[in-house]
Amino acid sequence: MNSDNFNLSEKIVSPSYIRQGSQARRGHEQLIRQLLEQGKCPEEGWSESTVELFLSELAVMDSNNFLGNCGVGEREGRVASSLVARRHYRLIHGIGRSGDIAAIQPKAAGSSLLNKLTNSVVLDVLKLAGVRSVASCFVVPMATGMSLTLCFLTLRHRRPKARYIIWPRIDQKSCFKSMITAGFEPVVVENVLEGDELRTDLEAVERKIEELGAENILCVHSTTSCFAPRVPDRLEELSSLCSKHDIPHIVNNAYGVQSSKCMHLIQQGARVGRIDAFVQSLDKNFMVPVGGAIIAGFDESFIQEISKMYPGRASASPSLDVLITLLTLGVCGYKKYLSERKVRVVHTSPFYTAKNSSSLTMSLDGLQANSDKAVTQLGSMLFTRQVSGARVIPLGKEQTVSGHTFRGFMSHSESYPCPYLNAASAVGITREDVTVCIKRLDKCLKTLKKEGGAVSSSDQELHQGLDL
């Protein structure tokens with residue numbers, strides 16, 4: 001209520017009580033005012049009542065919620081189900097206009113404000129997470145793969161003769177298909193084995209640039225977050241190569257916001273060379289439903305160019321989800337999640353490749369020596385025991401993706417020397433998750449051993465020596 005309505009209320013209920021209620025209301029409004037003034041993630045998280053009040057205030061600014069509104073167009077925010085309307089807090093119009101996903105929507109001032117604030121808050125969080133010099137970003141209602149495709153399609157207009165994308169291999173289908181969908185030919189560069197780790201073959205990348213000609217290359221498509229034993233690409237060196245040859249550089253940072261290592265690599269890559277855009281998933285980094293990503297970069301004009309490439313209006317759901325989450329957590333709450341993730345990494349550090357702090361890998365050489373079937377059987381056993389997300393990677397698997405055959409698929413290499421078990425240490429994982437996983441893994445390994453499978457010394461150390 002405004003001040004006039006509070007004054008009127010004092011004629012109905014004791015003025016002292018009304019003033020107390022008015023003061024409480026001003027507390028909520030003060031938080032909202034700070035958000036509008038600063039455009040940054042609040043230091044302390046908001047209560048649900050403050051978030052809901054804010055969303056309600058935004059919703060009444062959209063034309064579909066005007067009292068007496070008479071909509072005679074084809075897109076007037078009509079919703080048949082009240083359950084659907086409540087699910088979206090009556091913010092029905094979406095974001096953007098037909099020509100630009102970042103444009104203001106005349107019939108939806110509230111939704112437009114939501115969109116602008118979300119992008120501003122997310123930009124603030126990217127800076128806090130380690131990429132301090134990032135200039136611009138926007139939330140797009142597509143997952144990482146299609147968001148990468150949008151970046152490639154935007155570059156097409158800048159480099160009309162280009163047909164190739166140089167791609168240090170990472171065995172994730174959507175990364176590969178993002179290039180195919182955009183109409184380009186991926187040039188797969190195999191990784192090199194250094195100890196147990198798979199790393200970027202910089203010499204091979206430069207040979208491909210010289211062989212194909214820089215003008216024929218759309219970009220280098222590198223990766224930060226990845227499954228061990230692959231480690232993040234050598235971003236500083238790749239960025240320098242791209243700068244040297246005047247080739248764009250797009251980084252797939254899918255779940256890298258939660259990793260200070262990945263964010264540091266992006267910051268350093270932009271400092272010493274060239275990074276045109278980096279893309280990250282909303283669900284993996286901010287614990288929201290699947291369906292959104294953040295496209296960010298160091299040149300505001302290029303990021304705006306990408307946003308204008310998106311055809312038509314867009315769903316506001318991913319923006320709404322991530323804004324609610326960040327307002328609820330605040331900077332302190334999100335940093336706490338990041339710190340807890342690092343603690344989980346420390347608990348399992350003997351089984352991490354040194355340069356990949358996001359992914360655990362355990363050799364299954366002992367199982368392989370006894371039976372090829374035992375390796376894949378372990379994966380099935382874990383899944384049936386409700387351990388989700390663990391991946392068992394056997395030797396020699398082949399997979400054809402969009403016409404290209406990958407040998408040793410899922411191991412990021414044509415000939416990785418051993419099969420292995422892989423799991424992620426992702427934001428939101430708890431000590432209990434790790435403990436239960438290890439207990440169930442222990443039971444599976446003992447069962448396989450009884451059935452004739454051998455358990456390696458590293459397997460034994462995992463379920464005997466760790467305090468998880």
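**Exercise 1.** Tyr17 has a relative accessibility of 57%; classify Tyr17 as buried or exposed, then place the residue in the fold and in its surface patch.

*Solution.* The model is predicted.
Step 1: the cut-off for exposed is over 50% relative accessible area.
Step 2: at 57%, Tyr17 therefore counts as exposed.
Step 3: Tyr17 sits in helix 2, which covers residues 15-38.
Step 4: together with Ile12 and Val13, Tyr17 makes a nonpolar surface patch of about 360 Å².

**Exercise 2.** Which residues gather with Arg385 in a patch of positive charge? Give the location and exposure of Arg385 as well.

*Solution.*
Step 1: the partners of Arg385 in this surface patch are Lys439, Arg440 and Lys443.
Step 2: Arg385 belongs to the loop that runs between helix 15 (372-384) and strand 11 (391-393).
Step 3: the relative accessible area of Arg385 is 35%. Partly exposed covers values between the buried limit, under 20%, and the exposed limit, over 50%, so Arg385 is partly exposed.

**Exercise 3.** Find the lysine that UniProt lists as a modified residue, and describe its setting.

*Solution.*
Step 1: an unreviewed UniProt entry lists Lys284 as "modified residue: N6-(pyridoxal phosphate)lysine".
Step 2: Lys284 is part of helix 11, residues 282-286.
Step 3: with 35% relative accessibility, Lys284 counts as partly exposed.

**Exercise 4.** How far apart are Glu451 and Ala374 in sequence and in space? Locate Glu451 too.

*Solution.*
Step 1: in sequence, Glu451 and Ala374 are 77 residues apart.
Step 2: their C-alpha to C-alpha distance is 9.4 Å.
Step 3: Glu451 is in the loop between helix 16 (431-450) and helix 17 (457-465).
Step 4: Glu451 has a relative accessible area of 54% and is therefore exposed.

How values were computed:
Residues are numbered from 1 along each chain as its sequence is written. This is a predicted model: local features need pLDDT of at least 70, side-chain atom pairs count only at pLDDT 80 or more; totals for chains, interfaces and linings use all residues. Side-chain values use heavy atoms; hydrogens and water are left out. Patches are made of residues with over 30% relative accessible area and no salt bridge: like charges are joined within 9 Å, nonpolar side chains (Val, Leu, Ile, Met, Phe, Trp, Tyr) within 5 Å. Accessible areas come from the Shrake-Rupley method with a 1.4 Å probe; for residues, only the protein chains shown count as cover. A salt bridge is a side-chain nitrogen of Lys or Arg within 4 Å of a carboxyl oxygen of Asp or Glu. Lys and Arg count as positive and Asp and Glu as negative; His and the chain ends are not counted. The place of a charge is taken as NZ of Lys, CZ of Arg, CG of Asp or CD of Glu. Helices (H or I, at least four residues) and strands (E, at least two) are DSSP runs, numbered from the N terminus. Buried means under 20% relative accessible area, exposed over 50%, partly exposed in between (1.4 Å probe, protein chains only). UniProt positions are given in the numbering used here, feature names are shortened, and annotations may be inferred rather than shown by experiment.
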